[in-house]
Amino acid sequence: LRRSYLLGDVTVQALRGVSLELGPGSFVTVVGASGSGKSTFMNILGLLDHPTSGQYFLEGEDVSGFDQDRRAALRNRKIGFVFQSFNLLPRTTALENVELPLLYNDRASRPAERHAKARELLQTVGLAERAHHTPNQLSGGQQQRVAIARALVTDPEILLADEPTGNLDSRTSVEIMDVLQRLNRERSITVILITHEHDIAEYGRRVITFRDGRVVADAVVERTRDAAQELAALPPPEVGAVP
């Protein structure tokens, strides 16, 4: 894959020839400094962008030449997104935020079905009791859990997470990684996580390092960090703290 952008009279080479194969059910972390090309790579994987040259095969189908409508339809069926900034609607409840993608999807279109699906996923991420809270009534970690539930509501096969712990403290980051590891392990969801933090990258089973638009390292993690074990070893949160 190659991707270039024209900024004024300057051509920026965001990707300079990236060839990778990512298997179903894998947990891959992509690490690199700002400007390394990792976010451009994720945008192509997520069908938010297309390569300038090269081919992207999703489940054996070359999707690199799809137009915007075909990319959107495939994206809505196959891919969920989690971002650093949560992107929750501020005046709607956690339940309503999780339901939102179903309004643009042909699955579970009736209100009762949407409610049931959203409640199930809030339960999955440990927030069933916060279903009727708005984002300003939730901590950062809770908002990210809502965002993960929202990403899962259309039953995607791939979850793309772009710096999902970037705005969170250390303990909350481990809690979010525990959620992602459980989803990968229990539901066989393919997780591709973008980060600039090498300690966060170690929660994945494969770490791909980008630099200047190229892959400079691709390694299997011999001892993947186990977020559940780390949480069990941590002291309990301080009284009154909101996880």
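Helices, in runs of at least four residues, and strands, in runs of at least two, are DSSP runs numbered from the N terminus. On this basis the protein chain contains 8 helices and 10 strands. The model described here is a predicted one.

The overall dimensions of the protein chain were considered next. A compact globule of 243 residues would have a radius of gyration near 18 Å, and the protein chain agrees with this because its own value is 18 Å. Along the principal axes, the C-alpha atoms occupy a box of roughly 55 × 45 × 35 Å. Of the 243 residues, 47% are buried. Among contacts with a separation of 6 or more, 70% are between residues 24 or more positions apart. The exposed area of the protein chain is about 12400 Å², and 48% of this area is supplied by carbon and sulfur atoms. The charged side chains number 28 positive and 31 negative, and the centres of these two sets are 2 Å apart.

Two strand residues show how distant parts of the sequence meet. I208 belongs to strand β9. With a relative accessibility of 0%, I208 falls under the 20% limit and therefore counts as buried. Leaving out residues up to four places away in sequence, I208 touches L20, L22, V28, T29, V30, V31, V215, A217 and D218. One of these partners, V28, is 180 residues from I208 along the chain, yet the two C-alpha atoms are separated by 7.4 Å. T195 is part of strand β8, which covers residues 190-195. The relative accessibility of T195 is 1%, so this residue also counts as buried. Beyond residues up to four places away in sequence, T195 touches V30, V31, G32, K38, E163, I200 and A201. V30 and V31 thus appear among the contacts of I208 and among those of T195.

A further buried strand residue is A14, located in strand β2 (residues 10-16). Its relative accessibility of 11% is the reason why A14 counts as buried. The contacts of A14, not counting residues up to four places away in sequence, are R3, S4, Y5, S36, G37, T40 and G213. G35 lies 21 residues from A14 in sequence, and the C-alpha to C-alpha distance between them is 7.6 Å.

Among the helices, α2 spans residues 68-78, and its buried residues are R71, L74, R75 and K78. These residues lie on the same side of α2, because they cover an arc of only 105° around the axis. In an α-helix there are 3.6 residues a turn, so residues three or four places apart point the same way. The cover over the buried residues of α2 includes strands β4 (57-58), β6 (79-83) and β7.

Helix α5 contains A151. A151 has a relative accessible area of 7% and is therefore buried. When residues up to four places away in sequence are left out, A151 touches G80, F81, V82, P156 and L159. The C-alpha atoms of A151 and L100 are 9.9 Å apart, with these positions 51 residues apart in sequence numbering. Helix α6, made up of residues 170-187, contains V179. V179 is buried, as its relative accessible area is 1%. Apart from its neighbours within four places in sequence, V179 is in contact with V125, R145 and I148. V179 and A14 are 165 residues apart along the chain, and their C-alpha atoms are separated by 31 Å.

Backbone angles were also examined. Most residues other than glycine have a negative phi. D155, which is not a glycine, has a positive phi near 60°. This residue is placed in the loop between α5 (140-152) and β7 (158-162). At 42% relative accessibility, D155 lies between the limits of 20% and 50% and so counts as partly exposed. D212 is likewise a residue other than glycine with a positive phi, in this case near 55°. The loop that holds D212 lies between β9 (206-211) and β10 (214-220).

Terms used:
Residues numbered from 1 in each chain as written. Predicted model: local features only at pLDDT ≥ 70, side-chain atom pairs only at ≥ 80, totals over all residues. Heavy atoms only, no water. Rg over C-alpha atoms; globule rule 2.2 N^0.38 Å. Buried < 20%, exposed > 50% of the residue type's maximum accessible area, 1.4 Å probe, protein only. Contact = heavy atoms within 4.5 Å. Areas by Shrake-Rupley, 256 points an atom, 1.4 Å probe, with all protein chains shown as cover. Lys, Arg positive; Asp, Glu negative; His and termini not counted. Charge placed at Lys NZ, Arg CZ, Asp CG, Glu CD. Arc of directions from axis to C-beta.
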